[in-house]
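Please look over the sequence and the model below before reading on. The paragraphs that follow go through pockets, ligand surroundings and strands in turn.

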Amino acid sequence: MITDQFNRPLHDLRISVTDRCNFRCQYCMPAEIFGPDFPFLSKNEVLSFEEIERLAKLFADLGVKKIRLTGGEPLLRRGLPELIEKLTRIEGITDMGLTTNGLLLSRLAEDLYDAGLRRLNISLDALDDNIFKKLNGRGVSSREILAGIDKACEMGFEVKVNMVVQRGVNDQEIVPMAAYFREKGISLRFIEFMDVGNSNGWNMEKVITKKEMYEILSSHFELEPVDAAYFGEVAKRYRFKESNAEVGFITSVSESFCSSCTRARISADGKLYTCLFASHGTDLRAFLRDRSSDETIKTKITSIWSKRADRYSDQRNNLQTPKKKIEMSYIGG
Ligand code: SAM
Ligand code: SF4
Ligand code: SF4
């Protein structure tokens, strides 16, 4: 196990398998910026499955136990089940998950399950179609995502739904979403709108904090707190009384959790980032492609992680000049 400057172990790894997406969520990939001329990565720039597998094995050797695949939209990556099969076979990896916007799920759920995937986080920001169609920037109906969620549940996946909440955009959906997923027995996690990237027009007024969301929810439902299941669990969870369903809050803005952040991220072109709000990554693809040995790459990763001192969310309010950050769609959340 390797640890950083604040004694945080390297425990989980997010791997982005593509920087492309079939949505244009305003808060992540605004269509004005991610238009037809946007310089997305070329096929050759993106890591191959073999390269991803090799990196994942090296990270597992260094103590990583959890892998989550993300994007862009990971289900757009052709042949994804083949990669999942490779990754689930790696010794030491005990937990594999995938985060998706759910649009291709009805079509792909079976193949993903057969490949060994069991955990899915599905993003859905509103049930109301007028709101959702605007939010996803592609006019996709929430019914399509709900059908994907139903399909995933039928297949036996452990499903969580993620909702990014923005004031004046979808806050009126907090209660209907909670009621709908409570009924279905599916965990819903409310995510505070974050200042990731440089293009989503973030400001503090648009953030609805966990405290505020909790107050809204408790005027409709009785909630009781649930203990964290493990060190570094990101969501603060609550159970509905007289139901097994839960809600969680991801409080990156109002109650930062940098002190227990054990996560590294790899972009689709193989750069290693030690924080979601980083400006620079380390090009691991160069090591993979110049035939560096496993030991050389592991030494590099160890050196980066042991120097890591990131705590952006802890420091957010005291940062003077905004720095240029990587985009969420590139690093995968
Ligand atoms: N396309 C997939 C999806 O939407 O689930 C995976 C990638 S997406 C970048 C991962 C997660 O980041 C999603 O749950 C999305 O809602 C969340 N996200 C994107 N931009 C965000 C922001 N500005 N603040 C908070 N969460 C954000
Ligand atoms: Fe695509 Fe996910 Fe970003 Fe929406 S949040 S634009 S679905 S990557
Ligand atoms: Fe981890 Fe960076 Fe987020 Fe803090 S701001 S929790 S260090 S990713």
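The second largest pocket of this predicted model has a volume of about 430 Å³. Its lining consists of 14 residues, and those nearest the centre of the pocket are Lys43, Val46, Leu76, Arg77 and Arg78. By class, six of the lining residues are nonpolar, three are polar and five are charged.

Next come the surroundings of two ligands. Around ligand 2 stand Cys21, Phe23, Cys25, Cys28, Met29, Gly72 and Asn101. This shell has five nonpolar and two polar residues, and no charged ones. Three of the cysteines also appear in a database record: the unreviewed UniProt entry lists Cys21, Cys25 and Cys28 under "binding site". As for its place in the chain, cysteine 21 is part of the loop that runs between strand E1 (12–16) and helix H1 (49–61). Is cysteine 21 buried or exposed? Its relative accessibility is 15%, and because buried means under 20%, cysteine 21 counts as buried.

The shell of ligand 3 is made up of Phe257, Cys258, Cys261, Arg265, Cys275, Leu276, Phe277, Arg308, Asp310, Tyr312 and Ser313. Seven of these residues are nonpolar, one is polar and three are charged.

The strands can be taken together. Twelve of them form an open sheet with mixed pairing, in the order E7-E8-E9-E6-E5-E4-E3-E2-E1-E10-E11-E12. At its edges are E7 and strand E12 (282–283), each of which pairs on one side only.

Starting from the E7 edge, strand E7 (residues 223–225) is joined to strand E8 (residues 236–240) by three bridges in the antiparallel sense. In this pair, glutamate 224 is opposite arginine 239 of E8. On to the next pair: E8 and strand E9 (residues 246–250) are also antiparallel, with four bridges. Arginine 239 takes part here too, with glutamate 246 of E9 as its bridge partner. What lies between the strands in the hairpin of E8 and E9? Five residues do, and in this hairpin glutamate 242 has a positive phi near 60 degrees.

Further along the sheet order, E1 is followed by E10. E1 and strand E10 (residues 263–266) pair in the parallel sense, over four bridges. Within this pair, isoleucine 15 faces isoleucine 266 of E10. E1 is also the strand at one end of the loop that holds cysteine 21, a residue in the shell of ligand 2.

Note on methods. Residues are numbered from 1 along each chain as its sequence is written. Chains are lettered from A and ligands numbered from 1 in the order in which they are written. This is a predicted model: local features need pLDDT of at least 70, side-chain atom pairs count only at pLDDT 80 or more; totals for chains, interfaces and linings use all residues. Side-chain values use heavy atoms; hydrogens and water are left out. On a 1 Å grid over the protein atoms alone, a cavity is a set of points where a 1.4 Å probe fits but cannot get out, and a pocket is an open set with protein on both sides within 12 Å along at least five of seven lines; lining residues have an atom within 4 Å of a point. Grid points are joined across faces, edges and corners, and a volume is the space filled by probe spheres set on the points. Ala, Val, Leu, Ile, Met, Phe, Trp, Tyr, Cys and Pro count as nonpolar, Asp, Glu, Lys and Arg as charged, and the others, Gly among them, as polar. A residue is near a molecule or strand if one of its heavy atoms lies within 4 Å of it. Two strands pair if DSSP finds at least two bridges between them. Helices (H or I, at least four residues) and strands (E, at least two) are DSSP runs, numbered from the N terminus. UniProt positions are given in the numbering used here, feature names are shortened, and annotations may be inferred rather than shown by experiment. Buried means under 20% relative accessible area, exposed over 50%, partly exposed in between (1.4 Å probe, protein chains only).
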